[in-house]
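Got your viewer open and a hand on the mouse? Load the model and follow along, one selection at a time.

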Amino acid sequence: MSITLSTKQKQYLKGLAHHLSPVVMLGGNGLTEGVLAEIDLSLNHHELIKVKISGSDRETKQLIIDAIVRETGAAAVQTIGHVLVLYRPSEENKIQLPRK
């Protein structure tokens with residue numbers, strides 16, 4: 001179950017994410033089960049998070065991003081450099097998205 005966001009919704013989420021710091025950082029071990037669990041937990045708690053993916057070339061970084069999106073069911077809002085912004089609504093719906 002992947003989430004599709006309109007351009008307007010992505011812009012809104014980018015504005016909210018601007019002041020956030022990365023809550024999960026991928027190191028030399030890459031994408032492990034523990035990292036995926038931490039991303040899932042953070043998404044449940046915050047809905048909108050930043051993940052820092054360090055030390056990868058473009059192709060590897062894109063594969064990691066695709067795997068994170070596929071495994072967590074989140075939407076990739078944007079990628080700037082080594083920082084990925086993810087959004088997934090939680091049970092409480094903390095973030096009210098604009099209409100499409």
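Here is a short tour that goes from the sheet to the helices and then to the charged pairs.

**Before you click**

This is a predicted model, in which local features need pLDDT of at least 70 and side-chain atom pairs count only at pLDDT 80 or more, while totals for chains, interfaces and linings use all residues. Residues are numbered from 1 along each chain as its sequence is written, and side-chain values use heavy atoms, with hydrogens and water left out.

**Stop 1: the sheet**

Switch to a cartoon view and find the strands. Helices and strands here are DSSP runs numbered from the N terminus: H or I over at least four residues for a helix, E over at least two for a strand. In which order do the four strands sit in the sheet? Read across and you get β1-β2-β4-β3, an open sheet with mixed pairing. (Two strands pair if DSSP finds at least two bridges between them.) Select 24-26 for β1, then β3: these two stand at the edges with a single partner strand each, so one side of each has no neighbour in the sheet. From one strand to the next, the twist averages 25 degrees.

Now go through the pairs:

- β1 and β2 run parallel, joined by three bridges; look for L26 opposite I53 in β2.
- β2 and β4 run antiparallel with five bridges; K50 has V85 in β4 as its bridge partner.
- β3 and β4 are antiparallel too, over five bridges; I80 has V83 in β4 as its bridge partner.

Next, α1 packs on the sheet, touching β2, β3 and β4, and its direction makes about 60 degrees with that of β3. (Contact means heavy atoms within 4.5 Å; axes are lines fitted to C-alpha atoms, for helices over the stretch in contact, and angles run from 0 to 180 degrees between N-to-C directions.) Select 33-46 for helix α2, which also packs on the sheet: it touches β1, β2 and β4, and its direction makes about 155 degrees with that of β2.

While you are here, trace β1, α2 and β2, a right-handed β-α-β unit. Right-handed means that, with the strands pointing away from you, the path from the first strand over the helix to the second runs clockwise.

**Stop 2: two sides of α1**

Select residues 7-17 and show side chains. Q9, L13 and A17 in this helix are buried (buried is under 20% relative accessible area, exposed over 50%, partly exposed in between, using a 1.4 Å probe and protein chains only). Why are they on the same side of α1? They cover an arc of only 70 degrees around the axis, taken from the directions from the helix axis to the C-beta atoms. An α-helix has 3.6 residues a turn, so residues three or four places apart point the same way. Spin to the other side of α1 and you meet T7 and Q11, which are exposed. The buried residues of α1 pack against β2 (48-53), β3 (75-80) and β4 (83-87). Select β2 once more: five of its six residues are buried.

**Stop 3: salt bridges**

A salt bridge is a side-chain nitrogen of Lys or Arg within 4 Å of a carboxyl oxygen of Asp or Glu, and there are two by that rule. Select R88 and D40: their closest N and O atoms are 2.6 Å apart. R88 lies in the segment after β4 and D40 in helix α2, 48 residues apart. R88 is buried at 10% relative accessible area, whereas D40 is partly exposed at 30%.

Finish with E71 and R70, whose closest N and O atoms are 3.8 Å apart. Both E71 and R70 are exposed.
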